Amino acid sequence: MTVERSRRRSRPRALAATVAALALAATPMTSASARGHDQRSALLQCQGTESVSYSPGVTLQPRHFDVTTDGRFVSCVDVGGKVRSGSYHETFGLFAGCDDLLEGFTARRTFRWSTGDKSVADISGSSTEVAGQVVTTITGKVVEGRFKGRTAVEIIALPQPGVLQCLTTGFTGATGVTTLTIT
């Protein structure tokens, strides 16, 4: 997977934004589709979890590390009544540190559905800190497979890493909740 990111100057919330963006860099979408579908009528809504691991751990000192992201949608409501669950899995490498501000990224994510088919989406995202969590909003368009031409929004909330972890062995992972809506 190729992940492109944009950097800005560090700010006090750089640690939170970096971890959230890393969690999502492997990773969903917004707006009405090119075919003019109504944004308010969701074709698919899913809830689940996302787990992210970093090897070696992310420290204050920038370095190369591998990122693995696993998303599991355990509860999906599909207007067509077919998709009941789904998942995604990505691995990629990054060069960063806990104090880097990773505000934006673009990537391609493949969602695999309980029906045996998939949706491939071109996505972009950004992260913010909210009440001790890193919240990443990903938006994009499905370019292949089920729901092609539709838009999606995924929101992922992960616990904010402790500064102590970044100062010692490194922040090695987090698990949080995620929701996905395709319109």
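Colleague: Let's start with T136: is T136 buried or exposed?
Modeller: Happy to begin there, and please keep in mind that this is a predicted model. T136 lies in strand β7. Its relative accessible area is 1%. Buried means under 20%, so with 1% the verdict for T136 is buried.

Colleague: Which side chain makes a polar contact with the side chain of T136?
Modeller: We already have T136 in strand β7. At a distance of 2.7 Å, the side chain of T136 makes a polar contact with that of S127.

Colleague: Let's turn to the cysteines. How many disulfides does a search of the whole structure find?
Modeller: A disulfide is a covalent bond between the sulfur atoms of two cysteines. Here C46 is joined to C76 in this way, with an S to S distance of 2.1 Å. For disulfides, the search of the whole structure gives a count of one.

Colleague: How many residues apart are C46 and C76, and where does each of them lie?
Modeller: The disulfide joins C46 to C76. C46 belongs to strand β2 (residues 44-58) and C76 to strand β3 (residues 63-78), so the pair links distant parts of the chain, and the separation is 30 residues.

Colleague: Are C46 and C76 buried or exposed, and what is the angle about their S-S bond?
Modeller: C46 and C76 are both buried. Their link is right-handed, and the angle about the S-S bond is 115 degrees.

Colleague: Now for charged side chains. How many salt bridges does the search find?
Modeller: Side chains of opposite charge can pair when their charged atoms come close. One of the salt bridges here is between D117 and R146. Over the whole structure, the number of salt bridges found is six.

Colleague: Which residue forms a salt bridge with E50, and also one with E90?
Modeller: For E50, the closest N and O atoms of the bridge are 4.0 Å apart, and the partner is R109. E50 is in strand β2 and R109 in strand β5 (residues 102-113), 59 residues apart, so this is a link between distant parts of the chain. For E90, the closest N and O atoms are 2.9 Å apart, and here too the partner is R109.

Colleague: Why does R109 count as buried?
Modeller: E50 and R109 are both buried. E90 also counts as buried because its relative accessibility is 6%. R109 counts as buried because its relative accessibility is 0%.

Colleague: Which residues do the salt bridges that share partners join into one network?
Modeller: We have met R109 with E50 and R109 with E90. Salt bridges that share partners make one network of E50, E90, R109 and E154.

Colleague: How many residues apart in sequence are D117 and R146?
Modeller: The side chains of D117 and R146 meet in a salt bridge, at 2.8 Å from N to O. D117 is in the loop between β5 and β6 (118-130), whereas R146 is in the loop between β7 (133-145) and β8 (151-159). D117 is partly exposed at 27% relative accessibility, and R146 is partly exposed at 23%. The pair therefore ties together parts of the chain whose separation in sequence is 29 residues.

Colleague: Over the ring of which residue does the charged end of R146 sit?
Modeller: Besides its salt bridge with D117, R146 has a ring contact. The charged end of R146 is 5.8 Å from the centre of the ring it sits over, and that ring belongs to F147.

Colleague: On to the rings: is the pair of F111 and W113 stacked or tilted?
Modeller: For contrast, take F73 and Y88: their ring centres are 5.8 Å apart and their planes are at 50 degrees, so that pair is tilted. In F111 and W113, the centres are also 5.8 Å apart, but the planes are at 15 degrees. Planes under 30 degrees apart count as stacked, so the pair of F111 and W113 is stacked.

Colleague: Which residues form the aromatic cluster?
Modeller: Y88 is buried, with a relative accessible area of 1%, and R109 lies over its face at 3.7 Å from the ring centre. F73 is buried too, at 1%, and so is W113, at 5%. The cluster is formed by F73, Y88, F111, W113 and F147.

Definitions and conventions: Residues numbered from 1 in each chain as written. Predicted model: local features only at pLDDT ≥ 70, side-chain atom pairs only at ≥ 80, totals over all residues. Heavy atoms only, no water. Disulfide = S-S within 2.5 Å. Helix = DSSP H or I, 4+ residues; strand = E, 2+ residues; numbered from the N terminus. Buried < 20%, exposed > 50% of the residue type's maximum accessible area, 1.4 Å probe, protein only. Phe/Tyr/Trp six-rings, centres within 6.5 Å; stacked < 30°, edge-to-face > 60°. Lys NZ or Arg CZ within 6 Å of the ring centre and 35° of its normal. Polar contact = N/O pair within 3.5 Å; in protein donor to acceptor, adjacent residues only side chain to side chain.
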